[in-house]
Amino acid sequence: MRSLPEADPGMPDIRSPLRYLWWNARMQTPALLTGIGFATVWWLVQALVPAVLGNGIDAVTAKDTRALLTWSAIMFGLGLIQAYTGIMRHRMAVYNWLAAAYRTVQVTTRQATRLGATLPKRVSTGEVVSVGNSDISHIGNSMDILLRGTGSVVAIIAVTVILISTSLPLGLLVMFGVPLMAVAVGPLLRPLHKRQKIQRDLAGDLSTRSADIVAGLRVLRGIGGEQVFAARYREESQRVRHAGVSVSKVESLLEGAQILLPGVLIAVVTGIGASFAIGGEITTGQLVAFYGYAVFLIGPMRTLTEVADKLTKGHVAARRVVRILSIEPEVSGGTGTSEGGVLRDSYSGVTVQPGVLTAIAAGAPEDAIAIADRLGRYSDGDVTFGGADLATLPMAEVRTRILVADNGARLFAGRLRDELDVRGDSSHERVRQALYAACAEDIIEALPDGLDAVVAEAGREFSGGQQQRLRLVRALLADPEVLILVEPTSAVDAHSEARIGERLAKARAGKTTLVCTTSPLVLDRTDHVIYVENGRVLAEGTHRDLLATSPEYTATVTRGED
């Protein structure tokens with residue numbers, strides 16, 4: 001099977017679920033058309049079988065051996081064609097399912113990367129997880145069913161033409177009966193659509209709840225909150241179960257209609273056909289053919305009902321995907337350039353000089369975080385980088401040249417060396433120096449495989465302090481032009497904190513570095529300290545100068561202690 005096509009990076013602006021499904025179909029037009037061709041031939045061959053069988057019976061009745069052999073050969077040929085087209089139809093159906101499903105994964109992943117920090121602010125974790133868990137399956141099914149659905153329509157038309165040419169009353173009965181039965185299931189689709197949306201929203205919320213519980217399980221155990229959150233989870237899971245049962249009630253009616261309505265049509269066609277055969281209006285072979293057609297029509301008619309069901313589910317799933325795709329990032333870049341230099345936030349007055357280890361000590365930690373976000377272009381602000389407005393630079397360039405490392409960063413699952421050296425271009429000596437600067441050698445020495453050890457999800461085998469030091473190693477190995485560290489030592493002991501402060505200054509000597517911290521052990525080893533109160537610069541100088549001249553700074557960094 002050929003490789004799956006990549007999602008189009010130039011995807012048009014999609015504002016509705018139907019437009020998204022149409023775009024997905026357009027992206028795989030050749031595969032869809034090929035699959036529809038095989039499906040159409042597959043259905044048509046099956047539609048011809050009753051006619052060939054009827055003619056064979058008439059040949060037996062007429063004792064025409066030559067005609068019997070001819071129709072037998074035709075039947076054998078139809079069987080071979082049906083086998084081949086059936087295999088190819090299924091093959092193309094699987095390909096189209098995978099292409100639609102994983103193209104959805106591609107575009108949502110690309111959008112998540114584009115949104116960056118905007119995504120968790122606008123969409124819950126559970127909703128994003130639901131796209132990868134269930135929505136891609138429904139979107140894939142909506143592409144898959146187009147093959148059989150189109151072929152079934154052609155087959156019904158072909159059978160109708162054959163029946164009309166044989167018996168006008170029976171042909172008209174089928175021609176009008178099939179659309180009426182398709183319309184009869186219409187009233188079930190709207191409540192199904194509504195209930196499926198409710199069930200998916202509740203399932204997304206439950207996924208978010210479970211992710212939060214797993215992430216905070218250690219804290220919950222520490223405060224004895226497991227039972228409380230377990231009760232909340234049970235309550236929400238029951239709501240999801242009830243919503244699922246509500247969906248299944250409508251789906252069961254839909255499934256029942258798929259059996260009952262075609263059965264009624266079969267009974268009517270067979271009964272009328274039998275009366276025509278008794279009256280001599282049609283032959284025995286034609287009667288058998290009519291019965292065969294009536295039974296055959298169950299398949300195409302059920303397929304049409306399945307089309308309505310799967311397209312409805314695909315529409316609901318596409319609505320969630322479109323919601324994510326329609327989100328615009330809070331910040332965007334331009335096409336400007338900058339040679340670098342002084343990094344300045346006009347609102348707060350914070351100025352980071354090139355080649356200097358600068359620290360921000362804020363009376364409120366959120367003020368320092370807000371400044372770091374503006375300097376790193378994670379939120380809007382009047383920030384200049386050298387002689388250029390930071391907002392005019394391309395986002396890719398900003399992310400490459402300015403790195404904001406905070407404690408919200410995660411360690412991903414995989415080999416530890418790969419998680420620390422994300423670009424894969426650091427020498428062994430450079431990795432060793434970064435580990436030394438972050439006081440993380442003991443972490444590596446305690447691992448049986450050292451840097452080749454496999455890290456579990458979110459680095460859960462490491463303590464909070466160990467994770468913080470490993471994140472610092474990763475930031476140092478990235479070696480950006482401007483490195484902004486937010487509370488890099490808040491989870492380590494005082495001894496390690498003092499060593500990190502001293503070694504960080506040496507590791508980043510001559511490079512632009514900004515540390516947001518209120519630790520005196522780190523502040524004392526920086527070149528320049530900026531004290532921020534109420535979001536504005538209140539005082540600047542060295543750590544010791546500010547201790548002597550600024551009571552507010554002293555109260556903040558010593559926490560009221562002598």
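These are my notebook entries on a predicted model of a single chain, going from the overall shape to single residues.

**Entry 1, the whole chain.** I began with the secondary structure and found 21 helices and twelve strands in the chain. I then looked up the radius of gyration, which is 34 Å, well over the 24 Å that the globule rule gives for 562 residues, so the chain is more spread out than a compact globule. The spans of the C-alpha trace along the principal axes, which I noted next, are about 115 × 50 × 45 Å.

**Entry 2, burial, contacts and surface.** I asked myself what share of the 562 residues is buried, and the value I wrote down is 44%. Among contacts with a separation of 6 or more, 78% come from residues 24 or more positions apart. For the surface I noted an exposed area of about 27200 Å², of which carbon and sulfur atoms supply 59%. The chain carries 57 positive and 57 negative charges, and I found their mean positions to be 8 Å apart.

**Entry 3, aromatic rings.** A pair of aromatic rings is described by the distance of the centres and the angle of the planes. The count in this chain comes to four aromatic pairs. The one I followed up joins Trp-43 and Phe-296, an edge-to-face pair with 5.9 Å from centre to centre and 70 degrees between the planes. Which helices does this pair link? Trp-43 sits in helix α2 (residues 29–61) and Phe-296 in helix α10 (residues 284–296), so I recorded a link between distant parts of the chain, 253 residues apart. Both of these residues are buried, and ring pairs also bring Trp-42 into a cluster with Trp-43 and Phe-296.

**Entry 4, positive phi.** Most residues other than glycine have a negative phi, and I therefore looked for exceptions to this general pattern. Lys-63, which is not a glycine, has a positive phi of about 55 degrees, and I located Lys-63 in the loop between α2 and α3 (65–115). Is Lys-63 buried or exposed? Its relative accessibility is 76%, so Lys-63 counts as exposed, the cut-off for that class being over 50%. Glu-487 likewise is not a glycine and has a positive phi, here of about 45 degrees, and I found Glu-487 in the loop between β9 (482–486) and α18 (494–507). With a relative accessibility of 25%, Glu-487 counts as partly exposed.

**Entry 5, Thr-512.** I turned next to Thr-512, which lies in strand β10 (residues 512–516) and is buried because its relative accessible area is 6%, under the 20% cut-off. Setting aside residues up to four places away in sequence, I listed what Thr-512 touches: Val-352, Gln-353, Pro-354, Gly-355 and Val-356, together with Glu-481, Val-482 and Leu-483.

**Entry 6, Glu-419.** My last residue was Glu-419, placed in helix α14 (residues 416–420), and at a relative accessible area of 11% Glu-419 is buried. Which residues are in contact with Glu-419, leaving aside its neighbours within four places in sequence? I noted Phe-412, Ala-413, Gly-414 and Arg-474. I also looked up Glu-419 against Ile-530, 111 residues apart along the chain, and their C-alpha atoms are separated by 33 Å.

How values were computed: Residues numbered from 1 in each chain as written. Predicted model: local features only at pLDDT ≥ 70, side-chain atom pairs only at ≥ 80, totals over all residues. Heavy atoms only, no water. Helix = DSSP H or I, 4+ residues; strand = E, 2+ residues; numbered from the N terminus. Rg over C-alpha atoms; globule rule 2.2 N^0.38 Å. Buried < 20%, exposed > 50% of the residue type's maximum accessible area, 1.4 Å probe, protein only. Contact = heavy atoms within 4.5 Å. Areas by Shrake-Rupley, 256 points an atom, 1.4 Å probe, with all protein chains shown as cover. Lys, Arg positive; Asp, Glu negative; His and termini not counted. Charge placed at Lys NZ, Arg CZ, Asp CG, Glu CD. Phe/Tyr/Trp six-rings, centres within 6.5 Å; stacked < 30°, edge-to-face > 60°.
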